[in-house]
Amino acid sequence: MKPFGAIAPWWDATRVARALDARRGASPCFVYDLDIVRDKVATLRAALPSDVGIHYAVKANPHPAIIAAVAGLVDGLDIASGGELTKVLAAAPDKPVSFAGPGKRDDEIEAAIYNRVTLNLESEGEANRALSIANRLGMTPKLAVRVNPDFALKGSGMKMGGGAAAFGVDAERVRPLVRRLIDTGADWRGFHIFAGSQALDSEAIVAAQAATVELAGRLADEAGAAPPLVNLGGGFGLPYFAGDATVDVTMIGDRLGNVLAKRPDSLHASCFAIELGRWLVGECGVYLTRVVDRKDSRGETFLVTDGGLHHQLAASGNFGTVVRRNYPIAVATRFTQPPVETVNIVGCLCTPLDKLGDSVSMPHADVGDVIVVFMAGAYGATASPTAFLGHGPAVEVVLDGA
Ligand SMILES: *Cc1c(COP(=O)(O)O)cnc(C)c1O
């Protein structure tokens, strides 16, 4: 038997029953509960210094109803593709938007400038393209510089800063770029410094935020220009797996308040924001999938469901984890029953990678029962092939020499 992650406290029997009901028989199905998102934002607001804004990283869950609801609660939205821009313009047309991510195409840059979105520039090459596209449009582009810091967010599940990286302009190359943006008359919006994702170590988050403020101050001094906004990144993780810690946002908010109170003079007039995806919406969602077969094989029991990694890649362990561990999981239709057996819960794809629960202890489930995978609110439906970031599928071409 292997452990699985703790079920978040919101998901009691009543809420699981409500999700089962909301599905109206559809399977597989994601259900998102906005009350949980509201709780999360309120908790974060209460913890953060009042002058630190909250941005939502849309890629965690770009469902139109989620974007619209979260937009009403936060100060800005961060997108990672032109596809997400289209969704944001439809769901929350008046919200300030920033656009980060490597490999922005010219058409995406053009749409962003046209719609007055702040581009978080990832390279000098991208800056050149943005300036020339803005020139052609006859518009003043809003440009921030994403900095590849000289440190990483310690213990983050996904490191996005530190050494060589596809993300951001190396800190030591920021000064001339900022000068150029300002000298060409662009609307320079400041710095974006994102050091990592899925961090559970609160002390490490505090240290990264302090280092980020320090770095932003140094860069502002070097460039001789005060950044209007310093986006401190985010990276707050969620406890997906057994034994994972919970991020202490109250402590983080307190310490960030101290850091900002003593910030360098060059940041005196700057606004600050943190930007989160996963932490805000991950726990609001569940993935529900029906058992279509129950079979025994050489001493093990398999519950075969109609879902799988094509919908919920992360729960299968194939989204950036090295060792597969079990997401929080239960039999939704027998949620209050005690475990009586160890089973493997799998999807319907013909690959041994398609596992939702590996040797998990469950009540007896049969054909027609519904499995619930928790933590499906972030990087669920759209982080699975091929919906991630709304880039759309690759074109398929068939050659036929006959
Ligand atoms: C993905 C991403 C985020 C959100 O990360 P989470 O771990 O979901 O909070 C924030 N900012 C940028 C630039 C990102 O690429």
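User: Leaving aside its neighbours within four places in sequence, which residues is Pro239 in contact with?

Analyst: Happy to look at that one. This is a predicted model, in which local features need pLDDT of at least 70, side-chain atom pairs count only at pLDDT 80 or more, and totals for chains, interfaces and linings use all residues. Residues are numbered from 1 along each chain as its sequence is written, and side-chain values use heavy atoms, with hydrogens and water left out. With contact taken as heavy atoms within 4.5 Å, the partners of Pro239 outside that four-place window are Leu200, Asp244, Ala245, Thr246 and Met375.

User: Is Pro239 buried or exposed?

Analyst: Pro239 is found in the loop between β11 (229-234) and α9 (249-261); helices (H or I, at least four residues) and strands (E, at least two) are DSSP runs, numbered from the N terminus. Buried means under 20% relative accessible area, exposed over 50%, and partly exposed in between (1.4 Å probe, protein chains only). Pro239 has a relative accessibility of 16%, so the answer is buried.

User: What is phi of Met375, and is this residue buried or exposed?

Analyst: Met375 sits in the segment after β18 (370-373). Its phi is positive although Met375 is a residue other than glycine, with a value near 60°. Relative accessibility is 3%, so Met375 counts as buried.

User: Where does Arg24 lie, and is it buried or exposed?

Analyst: Arg24 has a positive phi of about 45° and is not a glycine either. Its place is the loop between α1 and β1. The relative accessible area of Arg24 is 78%, so this residue is exposed.

User: How do the axes of α5 and α6 cross?

Analyst: Axes are lines fitted to C-alpha atoms, for helices over the stretch in contact, and angles run from 0 to 180 degrees between N-to-C directions. Those of helix α5 (residues 106-114) and helix α6 (residues 124-137) come within 10 Å and cross at roughly 55°. Angles under 35 degrees count as roughly parallel, over 145 as roughly antiparallel, 65 to 115 as roughly perpendicular and the rest as oblique. The two helices are therefore oblique to each other.

User: Why is Cys284 not in a disulfide with Cys29?

Analyst: A disulfide is a pair of cysteine sulfur atoms within 2.5 Å. Cys29 holds the closest cysteine sulfur to that of Cys284, yet this is too far for a bond because the distance is 13 Å.
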